[in-house]
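Hello,

Here is the structure I promised to pass on. Please open it first, then read my notes below.

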Amino acid sequence: MTKFDGEKFTVFTSKNGLLADKVRKVFSFKNKIYVGTEQGVSIIDIKTNQLTSPNVPSHEEDFICISFFKYKEEVYFTSIFKGLYKIDQSGRIPKISPVVLHKNSYSLGLFNNILYSGNEGFIDQYDIEKIKEGNLTSVKFGKSFVWEFARDKRNSIFAAAWGVYNTDGGLFKIENNQMTDVSDFYGIDSKVLLNVVYDNVKDVLYVGSNDKGIYEVRLNKMIDFNKFDEKKIIGFESIDNQKVILHNEGVTFLNLNNSILKTIPLIAFKDFEMKFLREHKNNKTIQSVESRDFRLNFDIPAKGIEFYEMIRHKNSFWIGSNIGIFEINALGNILNYIPKHSLKIGFAYNDKFIETITYAGTRVYDNVYKIKNNHYSKFESNTPQYIVKILNHNNKTYLISVFNGLYVYKNDKFQSYLFDGIWKEKKFKHITVNNKGQIVLAAEFGNVFIVDDSKSFKVVKTISKNELIGNTILFLESYKDFLLIGTEKGINIYTNGIVRLLDQEQGLKDCVITTSKIFKNELWLGTNKGYYKINLKQLLQKQIKVKSIAISKILINNMPLDSSHKNWFQYNLKKLKCDYKHNSFLIDFLPKGHAFPKKLKFRYRLNSKNRWSPYSDKTTVFLPYLPFGNYNLQIEVLDMNAGNSSIFNVLEIDIAPPFWFTWWFITLVTILAAGLISFWLLHNKKKAKEKEIIQRRIAETKLEALLSQMNPHFMFNAMNNIQGYIMNNDVENSLNYIQAFARLMRKTLENSSQQKITLEEEIEYLKLYITIENMRFDNRIHFEFKIDPEVDPYFYEIPTMLLQPFVENVFVHAFDYTHKNPKLIISFSILNEHILECKIIDNGVGCRDKEIIKTHNSKGINLAKERLMLLKGSFENKIDVQHIEKSGTTVTIHLKV
């Protein structure tokens, strides 16, 4: 005997006072556990674990305690070989007192004041009050060995039996001192049953066997199965308070209580056919009748009759078969016989009889009894072909085809929605009408469509086959706001995009459905071995859903979590903290408060922003190698029984980062990195500054070298001019030129020591230079300086002698002695806050010879450009020379100031 208190196990054996180690039964009453052993009863105090064993009466065989019950605050038990005893606890030490001594008692069941005692091959029924009065007589009934009794909330008493020596065991119901075998009814195929326990919350009977495990029997009467002598059900219909069942052995009428009123056997149909043929043996029209599809074989015997379908029209039932069509009235009498062989028949909205012929079109009968009809050729595109169902609705008759889609019959005409381009769907197998008056159609292996065809055709909704559970649609019914869609997996209960499933777990053992019909609030389903009745009110009522999720196992890096967090086989912690090395988790969980665990599917995510995992029926979550961080494990339960889903926050997981990701380590590294970067930046700044000084000095040296190149270049040109005056014996001009040249040389010497000079100094220098050069042209060249008012010549600075080479080019290339009115303009203006524009404009010869312009290489201009390139850090390096044909030249220089 073992006790578990939620945290630890305590074992009781014969060493610490238990009468025997082999335990047969345990019973709880008033904080005590009564332990039935092979040698008597031991009593354990739940709180203190104190064990007491009353003395047993003298006995020759084992004193096997097999069953208990309490009555009026007293505990009774039975010993297999001795009979019924009571445990007297009035004194300090409990005592055992005999009540009814008789041999063989294998079980006890007390319900109200009636006591049942399972004996060898029968049951003893006692009145417990009479026993107390000394009346020990019993009523004996039943059979087999009953090993346990149970009672449900309807006061039905069940008994689990095993015959030991005979195969007469099973599950029995006890009523009116009789044992009724209900094993087959509840699908129990074991004859070795030892236990039966009733769950009042779930209304479930658990039956334990010795060879085939535990059976779960649902007693809520939502689903009842009638074996109906294992007949194959073909169709259902009803009239008044009667139900009519077409099966492979004939037609059966049931009354209001579903008891059989009458059965029309196969031989009755065969006899009626033969009678008809005898009466019409001279009628050649009748004898030659055929359907162009299947010719009737009048030699088929009664046992060879095969029924196709049963339809109701007014107060008659019409049955199609391989020997013809029969009409039956509500009393179960065969009224008429039509020698026609058609797989699908029906009546139109205007009461005309429709016969569909698989390979030869369709016939419509104004009077089916006279076999006169209108034939619609299969070569007409609107003629129905391959029809499987016919439905009348809103003064229209709908016919559905397995290959050619939907047809409508109205005003004595057929219309094909497929061939008329109204609806392209081709394959249908089922059709019904919902509570909104809409047509519902289903393909055998496809989608379900809800259609409004009252005014104009419109597909209101398409239920994808991917939304349904199962591949093959076996039946389609509508009830209130629900669609009942049967597949090989069970019944899909569909409403507003929600799907529930009814299958074997709820008691639908056989999902191979042959036909269906709704009678008021019951769904009847035919199978190959009987039929189901399903209570739709119970089926569609609000279902119990999962209330919570418990964690039953946690492995971290494949090692179990400390059991100190566990109580009653489940963990009670809400948060789990681990270091970064322990980051792989295996979590087993249990959904609680649900009656159908096989209807549940699960998926999980680690945070609300994460994507969900795929659905699975496994109650395990594996989380390998999680990065450090905080996680909130959420599990979503998809309940196919209740048709909804619920999200549960199961566990918070906090994985600490490694030390190199902690705040103090990151702060330390940041400070060190910042120090290194600062040192590197300061070092580079110092180096850059030193480099800048060196580069600037190199540039200044180069500028001085260039300037020193420009001075000899100008002096060379000036000396040539003086030489020209001397050779012409022009003493006066020579002296004037030399005098001006001397002033210019002095000015050049003053400016050459500076990298930049003011604009005023540059203008003064240029005026002196132009005066000297103009002497060669007899002062014919008119020159002018234009300074924009915004330009302060005393503020702005430009590179020394920058403009002189361009002015020199004017005197060298722009004018000759024949040029009329030569003119030179030098202007200064501010383009914006930082750009000074200098223009040197002449009206000289311009671009007279493009090749000369292209090949001429001015030494002065090249030097000026090179100087600007060296000074590009402070000045805009841009010189633009524009030659205008016959109009002169414009040199534009942009300087950054």
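I'll start with one residue. Asp351 is partly exposed, with a relative accessible area of 37%. That value puts Asp351 in the middle class because the class runs between the buried limit of under 20% and the exposed limit of over 50%. Asp351 sits in the loop between β31 (344–347) and β32 (353–357). Its phi is near 75 degrees, a positive value in a residue other than glycine. Most residues other than glycine have a negative phi. Please keep in mind that this is a predicted model.

A second residue is worth a look. Asn155 also has a positive phi, near 70 degrees, and is not a glycine. Find Asn155 in the loop between β15 (146–151) and β16 (157–161). Is Asn155 buried or exposed? Asn155 is exposed, with a relative accessible area of 52%. It gets that label because the cut-off for exposed is over 50%.

Now the whole chain. It has ten helices and 66 strands. What is its radius of gyration? The chain has 56 Å, whereas a compact globule of 897 residues would have a value near 29 Å. Along the principal axes, the C-alpha atoms fill a box of roughly 175 × 100 × 40 Å.

Next, burial and contacts. Of the 897 residues, 47% count as buried. Take the contacts with a separation of 6 or more: 52% of them come from residues 24 or more positions apart.

Then the surface and the charges. The accessible surface comes to about 47300 Å². Carbon and sulfur atoms hold 51% of that area. The chain carries 120 positive and 97 negative charges. The mean positions of the two sets are 5 Å apart.

Last, one sheet to look at on screen. In which order do its four strands lie? The order is β3-β4-β5-β6, in an open sheet with antiparallel pairing. The edge strands are β3 (23–29) and β6 (51–52), and each of these pairs on one side only. Inside the sheet, β4 (residues 32–37) and β5 (residues 40–45) run antiparallel and are joined by six bridges. One pair to pick out is Thr37, whose bridge partner in β5 is Gly40. In general, strands of a sheet pair through backbone hydrogen bonds, either parallel or antiparallel.

Best wishes

Conventions. Residues numbered from 1 in each chain as written. Predicted model: local features only at pLDDT ≥ 70, side-chain atom pairs only at ≥ 80, totals over all residues. Heavy atoms only, no water. Helix = DSSP H or I, 4+ residues; strand = E, 2+ residues; numbered from the N terminus. Rg over C-alpha atoms; globule rule 2.2 N^0.38 Å. Buried < 20%, exposed > 50% of the residue type's maximum accessible area, 1.4 Å probe, protein only. Contact = heavy atoms within 4.5 Å. Areas by Shrake-Rupley, 256 points an atom, 1.4 Å probe, with all protein chains shown as cover. Lys, Arg positive; Asp, Glu negative; His and termini not counted. Charge placed at Lys NZ, Arg CZ, Asp CG, Glu CD. Pairing = 2+ DSSP bridges.
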